[in-house]
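I opened my notebook to record, entry by entry, what I looked up in this structure. I begin with one spot on the surface and work towards the chain as a whole.

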Amino acid sequence: MVTATDTAVPKTEAPAAPGKNAGRRRGGAAVVLLRLAVIALCLVLWQVMSGPVIPEYAVSKPTEVWQALWTLLGSESGWIDIRTTSTEVAAGFGIGVVAGTVLGLLLGSFALAGRVMEPLVAAVNGVPKIALAPLFVLFFGIGSWSKIYIAATGVAFVVFYNIYLGLRLRDRELVEIIEVMGGRRHHVLSYVTIPTLAAPFFAALKAGGPLAILGVIGGEFIASAEGVGHELFTSAMNLDAATEFAGLIVLMAITLVLNGLLTQLDKYALKRLGLATRRPRRARA
């Protein structure tokens with residue numbers, strides 16, 4: 001039975017318990033330790049199996065790979081190769097993002113242009129990008145620009161489709177409501193378009209990063225005078241597995257750096273747009 005003295009007690013958000021934060025930190029540390037343990041186990045198995053089980057000339061040994069990596073990082077030519085590849089990846093990635101964004105916005109904003117051009121874009125996208133590499137080499141030579149445009153081509157299509165489909169899936173009713181309420185184009189852009197395109201755009205960046213690296217390395221395989229891909233190709237021709245794996249480690253490092261930068265950019269942009277995921281807090285009565 002409810003009496004007059006019964007009052008509703010509002011629920012307040014309780015701050016996160018210190019013990020819970022400490023448990024979360026311990027959990028994160030445990031994950032890192034497990035990752036290191038897996039890496040250490042793989043290295044031990046690699047060292048033991050190289051020779052008796054797997055031909056050493058094909059996989060080398062972790063100790064020899066470490067020596068080759070140390071030699072690569074200690075030489076001027078090694079850093080020239082790393083700088084060349086990193087510059088080509090960054091330039092190709094940037095050009096591809098800009099080109100894909102502009103093309104996606106244009107074809108997504110104008111329905112007729114989208115219907116006319118979408119099949120043509122799909123046809124060009126169906127051609128393997130590495131198959132275009134010899135053509136780019138003919139146009140731009142064996143220098144950096146041919147690798148940059150190969151990388152930009154792969155990134156541009158990924159960004160284009162995410163922007164284009166994002167615009168097509170934009171909530172038309174919400175746009176009409178804003179227009180009825182007297183909103184202008186910048187209101188539609190701020191409240192509908194940007195929030196709708198933010199997630200697919202940053203997903204395209206994450207997917208485009210490895211494609212940029214793939215395009216650059218593929219181009220350096222075909223024709224180049226320097227770069228990590230050139231070093232990998234030369235090592236493979238010389239049956240130098242240790243240097244080959246050292247170059248692969250450098251590529252993984254470049255990939256991790258690029259992915260880390262994109263992750264931080266993603267978090268910062270979504271936070272500024274108010275789209276960052278908020279963790280629910282426990283409420284008490």
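**Entry 1: a surface patch.** In this predicted model, I looked up a nonpolar patch on the surface and found that it covers about 610 Å². The residues that make it are Leu 41, Val 44, Leu 45, Val 48, Met 49, Val 53 and Ile 54. I picked out Val 44, which has its place in helix H1, a helix made of residues 18-49. I noted Val 44 as partly exposed because its relative accessibility is 48%, and the class of partly exposed residues ends at 50%, above which a residue is called exposed.

**Entry 2: Ser 224.** I next turned to Ser 224, which sits in the loop that joins helix H9 (185-222) to helix H10 (228-237). Is Ser 224 buried or exposed? Its relative accessibility is 16%, so I wrote it down as buried, the cut-off for that class being under 20%. I then checked the side chain of Ser 224 and found that one of its polar atoms lies 2.7 Å from the backbone oxygen of Glu 220. When I set aside the neighbours within four places in sequence, the residues in contact with Ser 224 were Ile 142, Lys 147 and His 230.

**Entry 3: Gly 141, and its distance from Ser 224.** I found Gly 141 in the loop between helix H6 (133-140) and helix H7 (144-168). Because its relative accessibility is 26%, I entered Gly 141 as partly exposed. How far apart are Gly 141 and Ser 224 in sequence and in space? They are separated by 83 residues along the sequence, while their C-alpha atoms are 9.0 Å apart in space. Not counting residues up to four places away in sequence, I recorded that Gly 141 touches Phe 136 and Ser 146.

**Entry 4: Ala 151.** I stayed with helix H7, since I wanted to look up Ala 151, which lies in that helix. The relative accessibility of Ala 151 is 0%, and it therefore counts as buried. Which residues does Ala 151 contact, if neighbours within four places in sequence are left aside? My list for Ala 151 reads Gly 92, Ala 212, Gly 215 and Val 216. I also noted the pair Ala 151 and Leu 211, which are 60 residues apart in sequence and 6.7 Å apart in space, from C-alpha to C-alpha.

**Entry 5: two positive phi values.** I reminded myself that most residues other than glycine have a negative phi. Ser 60, which is not a glycine, has a positive phi near 60 degrees, and I located it in the loop between helix H2 (56-59) and helix H3 (62-73). Ser 60 is buried, because its relative accessible area is 2%. Leu 239 also has a positive phi, of about 55 degrees, although it is not a glycine, and I placed it in the loop between H10 and helix H11 (241-272). With a relative accessibility of 66%, Leu 239 counts as exposed.

**Entry 6: the chain as a whole.** I counted 11 helices and 2 strands in the protein chain, and, reading from the N terminus, I wrote their order as β-α-α-α-α-α-α-α-α-α-α-α-β. The chain has 285 residues, of which 31% are buried. It exposes about 18300 Å², and carbon and sulfur atoms supply 68% of that area. Among the contacts with a separation of 6 or more, 71% are between residues 24 or more positions apart.

**Entry 7: confidence.** I ended with the pLDDT, whose mean for the protein chain is 80, with 79% of the residues reaching 70 or more. Which element has the lowest mean pLDDT, and which the highest? The lowest, 45, belongs to strand E2 (residues 283-284), and the highest, 91, to helix H4 (residues 76-109). Over residues 1-13 the pLDDT is below 50, and I noted 6 contacts for this stretch beyond near neighbours in sequence. Residues 278-285 also have a pLDDT below 50, and that stretch has 10 such contacts in the model. I added a caution for myself, that where pLDDT is low the predicted coordinates should not be read in detail.

Conventions:
Residues numbered from 1 in each chain as written. Heavy atoms only, no water. Patch = residues over 30% accessible without salt bridge, like charges linked within 9 Å, V, L, I, M, F, W, Y side chains within 5 Å. Areas by Shrake-Rupley, 256 points an atom, 1.4 Å probe, with all protein chains shown as cover. Salt bridge = Lys/Arg side-chain N within 4 Å of Asp/Glu carboxyl O. Helix = DSSP H or I, 4+ residues; strand = E, 2+ residues; numbered from the N terminus. Buried < 20%, exposed > 50% of the residue type's maximum accessible area, 1.4 Å probe, protein only. Polar contact = N/O pair within 3.5 Å; in protein donor to acceptor, adjacent residues only side chain to side chain. Contact = heavy atoms within 4.5 Å. pLDDT = per-residue confidence, 0-100.
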